[in-house]
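Colleague: I am new to reading protein models, and I would like to learn how to go from the picture to careful statements. Could we take one chain and work through its features in turn?

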Amino acid sequence: MSQELYTNLAIFVMSLLVGFEVMSKIPSTLQTPMMSGANAIHGVVVVGAFVIAAEANSWIFYVLAFLGAFFAAVNVAGGYTVTDRMLGMFNRPKKSASKEDENK
């Protein structure tokens, strides 16, 4: 195993530990808004999948790049959907036409 692989593994493990510590300190009432925003920001992963696809030289790497781009796009779309639904909960309900006619 090369030194670069060890370095990348160390960075990956450290990011897991830091991410776990940060997430465990956030109150449960803020988990959903924070995660929906983070999912929407993960468009960087889509760009990373495109970079991998540009460097691919075998069909295995093309498949992995496609799967990475697909799941990242689903993650981004889900983040925007959850954020939109959460923001919709803060809107006042619209009055229906029948209630307006009763008040006249």
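Modeller: What follows is a walk through the helices, the surface, a charged pair and some contacts of this chain, and please keep in mind that the model is predicted.

Colleague: Let me begin with the overall make-up: how many helices and how many strands does the chain have?

Modeller: The secondary structure comes to 5 helices and 0 strands, and the order of elements from the N terminus is therefore simple to write, namely α-α-α-α-α.

Colleague: What does the UniProt record place on this chain, and where?

Modeller: The unreviewed UniProt entry gives the feature "transmembrane region" at residues 6-23, 35-53 and 59-82, and we can then ask what the model shows over such stretches. Residues 6-23 are 100% helix and 0% strand, with end C-alpha atoms 26 Å apart, while residues 59-82 are likewise 100% helix and 0% strand, with their end C-alpha atoms 34 Å apart.

Colleague: How would I check the length of a helix, and what span should the 30 residues of α4 have?

Modeller: The idea is to count 1.5 Å a residue and to compare the result with the model, so for α4 the expected span is 44 Å, and the end C-alpha atoms, at 43 Å apart, agree with it.

Colleague: Which residues of α4 are buried?

Modeller: A residue counts as buried when its relative accessible area is under 20%, and in α4 this applies to Ala65, Ala69, Ala72, Val76, Gly79 and Met86. For the whole chain, buried residues make up 12% of the 104 residues, and the accessible surface comes to about 8,800 Å², with 70% of that belonging to carbon and sulfur atoms.

Colleague: Which residues form a nonpolar patch on the surface?

Modeller: The patch is formed by Trp59, Ile60, Phe61, Tyr62, Val63, Leu64, Phe66, Leu67, Phe70, Phe71 and Val74, which together have about 1,200 Å² of accessible area. Tyr62, one of these residues, has its place in helix α4, which covers residues 59-88, and Tyr62 counts as partly exposed because its relative accessibility is 46%.

Colleague: How should I think about charged side chains, and how many salt bridges does the structure hold?

Modeller: In general, side chains of opposite charge can pair when their charged atoms come close. The structure holds 1 salt bridge, in which the side chains of Lys25 and Glu21 meet at 3.5 Å, N to O. Lys25 is exposed, since its relative accessible area is 61%, whereas Glu21, at 40%, is partly exposed.

Colleague: Where do residues distant in sequence come together, and how far apart in space are Asn39 and Gly78?

Modeller: Here we set separation along the chain beside distance in space. Asn39, in helix α2 (residues 31-41), is 39 residues from Gly78 in sequence, but their C-alpha atoms are 7.2 Å apart. If residues up to four places away in sequence are not counted, Asn39 touches Asn75, Val76 and Gly79.

Colleague: What does Met34 contact, leaving aside its neighbours within four places in sequence?

Modeller: Met34, which also lies in helix α2, is in contact with Met23 and Ile26, and with a relative accessible area of 31% Met34 is partly exposed. Between Met34 and Gly79 there are 9.9 Å from C-alpha to C-alpha, with a separation of 45 residues in sequence. Looking at the chain as a whole, among contacts between residues at least 6 apart in sequence, 59% join residues at least 24 apart.

Terms used
Residues numbered from 1 in each chain as written. Predicted model: local features only at pLDDT ≥ 70, side-chain atom pairs only at ≥ 80, totals over all residues. Heavy atoms only, no water. Patch = residues over 30% accessible without salt bridge, like charges linked within 9 Å, V, L, I, M, F, W, Y side chains within 5 Å. Areas by Shrake-Rupley, 256 points an atom, 1.4 Å probe, with all protein chains shown as cover. Salt bridge = Lys/Arg side-chain N within 4 Å of Asp/Glu carboxyl O. Helix = DSSP H or I, 4+ residues; strand = E, 2+ residues; numbered from the N terminus. Buried < 20%, exposed > 50% of the residue type's maximum accessible area, 1.4 Å probe, protein only. UniProt positions renumbered as here; feature names shortened; annotations may be inferred. Contact = heavy atoms within 4.5 Å. Expected span 1.5 Å × (residues − 1).
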